[in-house]
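Me: I would like a close look at one part of this protein. Please keep it plain, since I am in my first year.

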Amino acid sequence: MPYISVSDLHFSYPNYTHALQGVDLDIDLGEFIAIMGENGAGKTTLVKHFNGLLKPQTGNVIVDGADTRKVTVAQLSKNVGYVFQNPLYQLFSETVGKELELGLRSMNFSDQEKKDRIDEVLIALGIERFRDRHPLMLSEGERKSVAIASVLVMDPKVLIVDEPTLALDLLEKKRLSNVLTRLHGEGRSIILVTHDVDFAFDHSERIVTMSRGKILADGPKEDVVNDNTLFDKAGLVEPQLFQLLKHFELSGVHTSDFSVKSVFQDIVKHTKKGEG
Amino acid sequence: MSGILQAFQWTREDTPIHRLDPRSKMVWSLCVFIISIIIWDPFILTALTISLFPFIIIGKATSRLSKALKSMIPYILLLGALEIIYYGWFYGIIATAKFVLATSVFSLFFVTTHLDDLGVALNSLGIPFEFTFVLVSSAKYIPILFWETQDIIDAYKARGIELERSWWLKIRSYATMLVPLIIVTTRRAFRLAEAMEARAFGYQRKRTTYKQLTMKTTDYLLMVVSVILTVGVLSTLYLAH
């Protein structure tokens, strides 16, 4: 049984926007998924159903066997963490340490357990030096790490990260990439909601594309990206690696593995063959 | 809450009411407001309410207005209860009806008048541009502020805090949530100020506007009829006393 199961989900906002129009989706524990699509496609509306911030109007969302209509956001958030697009929305405390403690208040931990958890997450994300700093005094990327840490401290099985690469420079993006890879390695499900095709393609195993409240494609990343029509329909542009490959394919280079290393090796092999 | 907000948001429609000059609509809505505040006669108030129907129907504002009134039911009931306790049944119900009428006419005004047009109209009436700019920009940011507040509340809930557990926790949590709200709002205000300076705001005292307002016959007609009816009703009331 999938950890998150969405069936025939419909949702409309009070301004009559029909944001979701019959979405079906299953997510297992340990998956790394990217949900992609143009603005207004319904990506954020969909993932807000996973931790109960939105309740289905019709259809069902089942998380860990429980109907999200029947459980509170607080109960769901212990298993499904949500990192908002703008970290400023979720930083409430005067120090990073206290920020992490906020989410633990509702959990029955002793002071020592709380301290241990906070230490563990700060070290894991490499932000222990910020413990006594005000979150607003940090850079955008550091703030994003604090926002992730504040959710991670609750040890959720699923981590939803909404537009994680927005406003990050290359170094911050690299750091974020390492953090997400490590969290995925620990067996957590990571759900990226993003426009960043390259970041999604580099990290996720499965891509779900959405348009106008419906799922257009759902499958292994190579299959989804290969289907030009569907990718176009979702208002997305292929990853740079794919665009490069298309040019090489015209010259006879063929590759089945879409990692940068493998593509590079295939190109070198082809070039050597040509020289020989 | 979003229903109330929508009641005062312009809708993109091309109806005769939308096309009216904001100044004539301003005079009309002020006249309706004045009568609804001063008059306690149920017949005149009923007639005034009925007179709004053509504007609501032609301006395609029926669903907006009904949604707004629906989301205002708790406030209307609370106000009604207080009025009934204070004034008694008759005047309590009339006072509540007056509130609904006044709200509806302003809702109709804002649903059919673009904020930029309102700004130009106020400038043409001699109100300084700086003042109208602040007014119009603030009004434009209200929906954004509402959505940001909702996101902040969501982010707080997503940290596993049961706001519904107690009233004390709720009050304390809302105070905590003010921190990001104030920061986000202040940052936006600074960004707006920078953008305005970058576009030479205040470089010249005398300004021209892209949109020119012109009063048509229907506008004059609406203004004259509104003023005559208001003066008539008020004079009758004065003479009767």
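About what amount of space lies in the second largest pocket? Please go on from there to what surrounds it.

Reply: One caution comes before anything else: this is a predicted model. The second largest pocket holds about 750 Å³ of space.

Start with its walls. The lining of this pocket counts 32 residues. Five of them lie nearest the centre: B:His114, B:Asp116, B:Asp117, B:Val120 and B:Lys211. Find these on chain B and you have found the middle of the pocket.

Now look at the helices. Four helices of chain B each give at least two residues to this lining. They are H2 (16-19), H3 (22-38), H8 (115-124) and H9. H9(B) gives the most, with 7 residues.

What are the walls made of? By class, the lining has 10 nonpolar, 12 polar and 10 charged residues.

Next, place the pocket in its chain. The domain assignment splits chain B into domain 1 (1-113 + 217-241) and domain 2 (128-210). Note that domain 1 comes in two stretches of sequence. The centres of these two domains, taken over C-alpha atoms, are 29 Å apart. The second largest pocket draws on both domains of chain B, with at least three lining residues from each.

Keep helix H9 of chain B in view. Residues 129-157 make up this helix. H9(B) also serves the largest pocket, where it again gives the most to the lining, this time with 5 residues. The largest pocket has about 1,200 Å³ of space. Its lining runs to 39 residues. Nearest its centre are A:Tyr13, A:Thr44, A:Lys48, B:Trp147 and B:Asp151. Those names come from both chains. From chain A, strand S1 (4-12), helix H1 (43-47) and helix H5 (140-152) each supply at least two lining residues. By class, the largest pocket is lined by 17 nonpolar, 14 polar and 8 charged residues.

H9(B) has aromatic rings to look at, too. The whole model has 14 aromatic pairs over all chains. One of them joins A:Phe92 and B:Tyr156. Their ring centres lie 4.9 Å apart, with 85° between the planes, and the pair is edge-to-face. The label fits because planes over 60 degrees apart count as edge-to-face. This pair crosses between chains. A:Phe92 sits in the loop between strand S6 (80-83) and helix H3 (96-104) of chain A, while B:Tyr156 belongs to H9 of chain B. Are these two residues buried or exposed? A:Phe92 has a relative accessible area of 5%, so it counts as buried. B:Tyr156 has 3%, so it is buried as well. The cut-off for buried is under 20%.

A second ring pair sits in H9(B) itself. B:Phe129 and B:Phe133 are 4 residues apart in this helix, so about one helical turn separates them. Their ring centres are 5.8 Å apart, and their planes meet at 40°, so the pair is tilted. B:Phe129 is partly exposed, at 23% relative accessible area. B:Phe133 is partly exposed too, at 24%. Elsewhere in chain B, ring pairs link B:Trp40, B:Tyr86, B:Tyr87, B:Phe90 and B:Tyr91 into a cluster.

Pockets are open; cavities are another matter. The search of the whole structure finds 2 cavities of 30 Å³ or more. The largest cavity has about 70 Å³ of space. Chain A lines it, through A:Gly141, A:Glu142, A:Lys144, A:Ser145, A:Leu168, A:Glu172, A:Arg175 and A:Leu176. H5(A) gives the most here, with 4 residues. Helix H6 (170-185) of chain A also supplies at least two. By class, this lining has 2 nonpolar, 2 polar and 4 charged residues. Like the pocket you asked about, this cavity draws on two domains, here those of chain A: domain 1 (1-79 + 156-237) and domain 2 (93-154) each give at least three residues. The second largest cavity has a volume of about 40 Å³. Its lining includes A:Glu142, A:Ser145 and A:Arg175, three residues that also line the largest cavity.

Last, go back to strand S1 of chain A. This strand lies in an open sheet of 4 strands, ordered S2-S1-S4-S5, with antiparallel pairing. S2 (18-27) and S5 (66-67) stand at the edges with a single partner strand each, so one side of each has no neighbour in the sheet. 7 bridges join S1(A) to S2(A). In one of these, A:His10 is partnered with A:Gln21 of S2(A).

Note on methods:
Residues are numbered from 1 along each chain as its sequence is written. Chains are lettered from A and ligands numbered from 1 in the order in which they are written. This is a predicted model: local features need pLDDT of at least 70, side-chain atom pairs count only at pLDDT 80 or more; totals for chains, interfaces and linings use all residues. Side-chain values use heavy atoms; hydrogens and water are left out. On a 1 Å grid over the protein atoms alone, a cavity is a set of points where a 1.4 Å probe fits but cannot get out, and a pocket is an open set with protein on both sides within 12 Å along at least five of seven lines; lining residues have an atom within 4 Å of a point. Grid points are joined across faces, edges and corners, and a volume is the space filled by probe spheres set on the points. Ala, Val, Leu, Ile, Met, Phe, Trp, Tyr, Cys and Pro count as nonpolar, Asp, Glu, Lys and Arg as charged, and the others, Gly among them, as polar. Domain bounds come from an automatic or database domain assignment. Two strands pair if DSSP finds at least two bridges between them. Rings of Phe, Tyr and Trp (its six-membered ring) pair if their centres lie within 6.5 Å; planes under 30 degrees apart count as stacked, over 60 as edge-to-face and the rest as tilted. Buried means under 20% relative accessible area, exposed over 50%, partly exposed in between (1.4 Å probe, protein chains only).
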